Amino acid sequence: QYDEVRLGRWMERQVAAAGIDTLLGAILTDVAFAAGRVEHIEFATRFGAVRVRAKGFVDASGDAAITYASGLAVREPTAPVYGSLNFLIEDFDREAVAGLDMEDVRERLKVKGAAYGLVRHDGWLIPFPGKGFMLANINHIETPLDPLGGSRMVFAGRQQADAVIDFLRAEFPAIFGSAKVRAYGNPGIRQTRWIVSRRQLTLDDIRKAERPTDAVARCAWWVELHDTPELVHWERFADDHVYYIPLSCMVPTGADNIVAAGRCVDADTEALSAIRVMGPCIAMGAAAAHALSLADGDPVHAVDTEALQASLRDNLDRKD
């Protein structure tokens, strides 16, 4: 497990070293879109309004915010996809935790979880050796698309975190008799709204693992579909199975200077459940930046594919 505090600070230092101007705490309020191009984006900040002009824009919002605000077509789930709220637990017995059996926890959740207000039967409790706390990922919460519902989701997730602590204290007192929440996270949202592109990545694509001509990211994560409150649907691949994300599923139809990256690229629900995790999202972010840099204001979907793939060789081709 990585240390999220140190990792976050390392990322901030890399951004600063790259000379990137960073606008913190900004909320998108409007997008000026005409003739297939975003001309500028309007933001609200606590110190006033800000207008950002650029040759190209990466929609890494997770919710296709730039694409949606531009009036372009987007997709929404036809069935629920559940999020989770990860949180940290402290004051458990550090010696007794060595005997923690997650299968036993999951079996107990099936039988008794509902009595504590819990709906999910699987998940993880992951101790950080030597740190005195563990990560809990053991709940499911619905992900709404309206502002008030989004706020309610935060409190619903934290109520479930409290319920997990009640469950662990009562059912596994030797380990968790004095445990409490060290830090509540914010809900992790897996799927809300995503772009409509020139090509939708499908489950069949990632199963076949054929490399498309415009491949820009190489991935290996399994299908991880959180489509029921109780369980996660997994489709596991062999250790040497890799598949690819094409640039054409990252460019919204009707846009010349937007590239999506992360969980709002165009894929069917099963394929999106595999590529929306951290590694593929980082790879898509790099691909989006390189594509817009090479396009230099021209339509990004017409970029020189060979030059783009050469700049992304470390992810696409390297095996060392």
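A surface patch, in the sense used here, gathers residues with over 30% relative accessible area and no salt bridge, and nonpolar side chains are joined within 5 Å. In this predicted model, one such nonpolar patch on the surface is formed by Tyr-2, Met-278 and Ile-282, which together offer about 330 Å² of accessible area. Met-278 belongs to helix α8, a helix of residues 278-295. Because its relative accessibility is 46%, Met-278 counts as partly exposed.

Turning to the strands, a reader can follow an open sheet of 4 strands, ordered β7-β8-β6-β9 and paired in antiparallel fashion. Its edges are β7 (124-128) and β9 (180-184), each of which pairs on one side only. On average, and with direction ignored, neighbouring strands of this sheet are turned by 30 degrees against each other. Helix α4, spanning residues 147-171, packs on the sheet and touches β6, β7 and β9. The direction of helix α4 makes about 155 degrees with that of β9. Within the sheet, strand β6 (residues 87-90) and strand β8 (residues 133-137) pair in the antiparallel sense over 4 bridges. A helpful place to look is Ile-89, which stands opposite Met-134 in β8.

Charged side chains come next. Side chains of opposite charge can pair when their charged atoms come close. The model holds 22 salt bridges, and a few of them are worth visiting. Asp-122 and Arg-120 meet through their side chains in a salt bridge, at 2.6 Å from N to O. Both partners are buried, Asp-122 as well as Arg-120.

A second salt bridge joins Asp-317 to Arg-211, with the closest N and O atoms 2.8 Å apart. This pair links distant parts of the chain, 106 residues apart: Asp-317 sits in the segment after α10 (313-316), while Arg-211 sits in the loop between α6 (203-208) and β11 (215-219). Asp-317 counts as partly exposed because its relative accessibility is 35%, and Arg-211 is likewise partly exposed, at 37%.

In a third case, Asp-320 forms a salt bridge with Arg-318, and here the closest N and O atoms are 2.9 Å apart. Asp-320 is exposed, since its relative accessible area is 76%, whereas Arg-318, with 33%, is partly exposed.

Salt bridges also connect Glu-90, Asp-91, Lys-180 and Arg-182 into a network. Among these residues, Asp-91 deserves a second glance for its backbone: its phi is near 65 degrees, a positive value in a residue other than glycine. Asp-91 is placed in the loop between β6 and α3 (102-112). With a relative accessibility of 38%, Asp-91 counts as partly exposed.

A positive phi is also found at Ala-64, about 55 degrees, although Ala-64 is not a glycine. Ala-64 lies in the loop between β4 (57-59) and α2 (65-69). Its relative accessibility is 0%, so Ala-64 counts as buried.

Another alanine, Ala-302, is found in the loop between α8 and α9 (305-311). Ala-302 counts as exposed because its relative accessibility reaches 58%. For a sense of distance across the model, the C-alpha atoms of Ala-302 and Thr-143 are separated by 36 Å, the two residues being 159 residues apart along the chain.

Technical notes:
Residues numbered from 1 in each chain as written. Predicted model: local features only at pLDDT ≥ 70, side-chain atom pairs only at ≥ 80, totals over all residues. Heavy atoms only, no water. Patch = residues over 30% accessible without salt bridge, like charges linked within 9 Å, V, L, I, M, F, W, Y side chains within 5 Å. Areas by Shrake-Rupley, 256 points an atom, 1.4 Å probe, with all protein chains shown as cover. Salt bridge = Lys/Arg side-chain N within 4 Å of Asp/Glu carboxyl O. Helix = DSSP H or I, 4+ residues; strand = E, 2+ residues; numbered from the N terminus. Buried < 20%, exposed > 50% of the residue type's maximum accessible area, 1.4 Å probe, protein only. Pairing = 2+ DSSP bridges. Axes fitted to C-alpha atoms, helices over the stretch in contact; angles between N-to-C directions. Contact = heavy atoms within 4.5 Å.
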